[in-house]
Amino acid sequence: SGIAFASLGVLCSAWLAGAAIDRFGVRRVALASQAGLALGFVGFALQTGVEWLWYANWFLLTLLGVGTTPITWSRGIAAWFDRSRGLALGLGLMGTGITAFAAPPLMTAVVASQGWRTGYALCAAGIVLVALPTTWFLFRERTAVHGAGGASPAARAAEAEGLTLGEALRGYRYWMIIASFFLVSAAATGLISNLVPLLTDGGMSAAEAAGYASLLGAFVVVGRLTAGWLLDRLWAPIVALLVLAPTAISSLLLQAE
């Protein structure tokens, strides 16, 4: 049920993160959100069993850390590439899959030996000791490096592309994208967040279930790279169909089980 409050946090803050990126830049928002995400995990480590505090922590985790989502990284990556932008996005965003591959068995072992509080504290420490320094030293915005006047003509043209908010709201494509995101997120979030409990309820041990969850992360890496490569060559809706069809089939197979 905490996932529902996390989703509510994203709903309340994603648009603010986008506005902040436009005003303050991608790097500042990413750094602030990483610090906020670490604080959210510290909050989980300090939970006392009070139900409303548990829900509030989920909400604050996403409210403070929304700038660590693809909203930020996609903007930062896309600004650097005029060609092969899809593959660049796939390479950058496959980090989610790498974490999903490595984290389940690691955290299962930590929780089993040191307890769940240590597990949450380790998540916070990883952000502070690895993610924040990496972003601080290595993540640069194209406009910050070259300046608005020094950017290439292609970069300036890309910056000028797009619709105003009013134009987007009056068009049907925006609402189709919103509806598609809602349906895809409902299915994927509902399945992924409940995968380990589903498998353990079916008789698997926690370690076995974590192994399957880890395997899912490996396929996320493959999927991100493949989708990015295809986006540079095919119409984007066709790529979406090719990527989502296996997800739909796998959901049907799970239902059949």
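These are my notebook entries on helix packing and a few single residues in this predicted model.

**Entry 1: H1 against H3**

I began at the N-terminal end, with helix H1 (residues 2–24) and its packing on H3. The angle between the two is about 35°, and their axes are 7 Å apart. H1 passes H3 in a right-handed crossing. On the H1 side I listed Gly2, Ile3, Phe5, Ala6, Leu8, Gly9, Val10, Cys12 and Ser13. Their partners on H3 are Trp54, Tyr55, Trp58, Phe59, Thr62 and Leu63. Sorted by class, this contact has 11 nonpolar and 4 polar residues, with no charged ones.

**Entry 2: H2 against H7**

Next I turned to H2 and helix H7 (residues 116–138), which pack at an angle of about 165° with axes 8 Å apart. Is this pair roughly parallel or roughly antiparallel? H2 is roughly antiparallel to H7, because angles over 145 degrees are put in that class. The crossing of H2 past H7 is left-handed.

I then wrote down who touches whom. H2 brings Arg27, Ala30, Leu31, Gln34, Ala35, Leu37, Ala38, Phe41, Val42, Phe44 and Ala45. H7 answers with Trp116, Arg117, Tyr120, Ala121, Cys123, Ala124, Ile127, Val128, Ala131, Leu132, Thr135 and Trp136. The class count for this contact is 19 nonpolar, 2 polar and 2 charged.

A reminder to myself on reading such lists: an α-helix has 3.6 residues a turn, so residues three or four places apart point the same way.

**Entry 3: three residues in and after H2**

I picked Leu31 first, which lies in helix H2. Its relative accessibility is 14%, so Leu31 counts as buried, the cut-off being under 20%. What does Leu31 touch, leaving aside its neighbours within four places in sequence? I found Leu132, Thr135 and Trp136. I also checked Leu31 against Gln255: the two are 224 residues apart in sequence, and 41 Å separates their C-alpha atoms.

Gly36 is found in H2 as well. Its relative accessibility of 6% makes Gly36 buried. From Gly36 to Arg142 I noted 25 Å, C-alpha to C-alpha, for 106 residues along the sequence.

Then I moved to Leu46, in the loop between helix H2 (26–45) and helix H3 (51–65). Is Leu46 buried or exposed? Leu46 counts as exposed, because its relative accessibility is 61% and the cut-off is over 50%. Leu46 and Arg117 are 71 residues apart in sequence, yet their C-alpha atoms are 7.2 Å apart in space.

**Entry 4: H4, the loop and H5**

Helix H4 (residues 70–78) and helix H5 (residues 85–93) were next on my list. They pack at an angle of about 135°, with their axes 10 Å apart. That makes H4 oblique to H5. H4 passes H5 in a right-handed crossing.

The H4 residues in this contact are Pro70, Trp73, Ser74, Ile77 and Ala78. They meet Arg85, Ala88, Leu89, Gly92 and Leu93 of H5. I sorted the contact into 7 nonpolar, 2 polar and 1 charged.

Which residues of H5 are buried? I have Gly86, Ala88, Gly90 and Leu93. What covers them includes H4, helix H6 (95–114) and helix H13 (206–231). Ala88 and Leu93 are thus on two of my lists: the buried residues of H5 and the contact with H4.

In the loop between H4 and H5 I stopped at Ser84. Ser84 has a positive phi of about 55°, although it is not a glycine. With a relative accessible area of 44%, Ser84 is partly exposed.

**Entry 5: cysteines**

How many disulfides does a search of the whole structure find? The search gave 0. I looked at two cysteines from the contacts above. Cys12, which is part of the contact of H1 with H3, counts as partly exposed at 32% relative accessibility. Cys123, listed in H7 where that helix meets H2, is partly exposed too, at 26%.

Methods: Residues numbered from 1 in each chain as written. Predicted model: local features only at pLDDT ≥ 70, side-chain atom pairs only at ≥ 80, totals over all residues. Heavy atoms only, no water. Axes fitted to C-alpha atoms, helices over the stretch in contact; angles between N-to-C directions. Helix = DSSP H or I, 4+ residues; strand = E, 2+ residues; numbered from the N terminus. Parallel < 35°, antiparallel > 145°, perpendicular 65-115°, else oblique. Left-handed = near helix turned anticlockwise from the far one by under 90°. Contact = heavy atoms within 4.5 Å. Nonpolar A, V, L, I, M, F, W, Y, C, P; charged D, E, K, R; others polar. Disulfide = S-S within 2.5 Å. Buried < 20%, exposed > 50% of the residue type's maximum accessible area, 1.4 Å probe, protein only.
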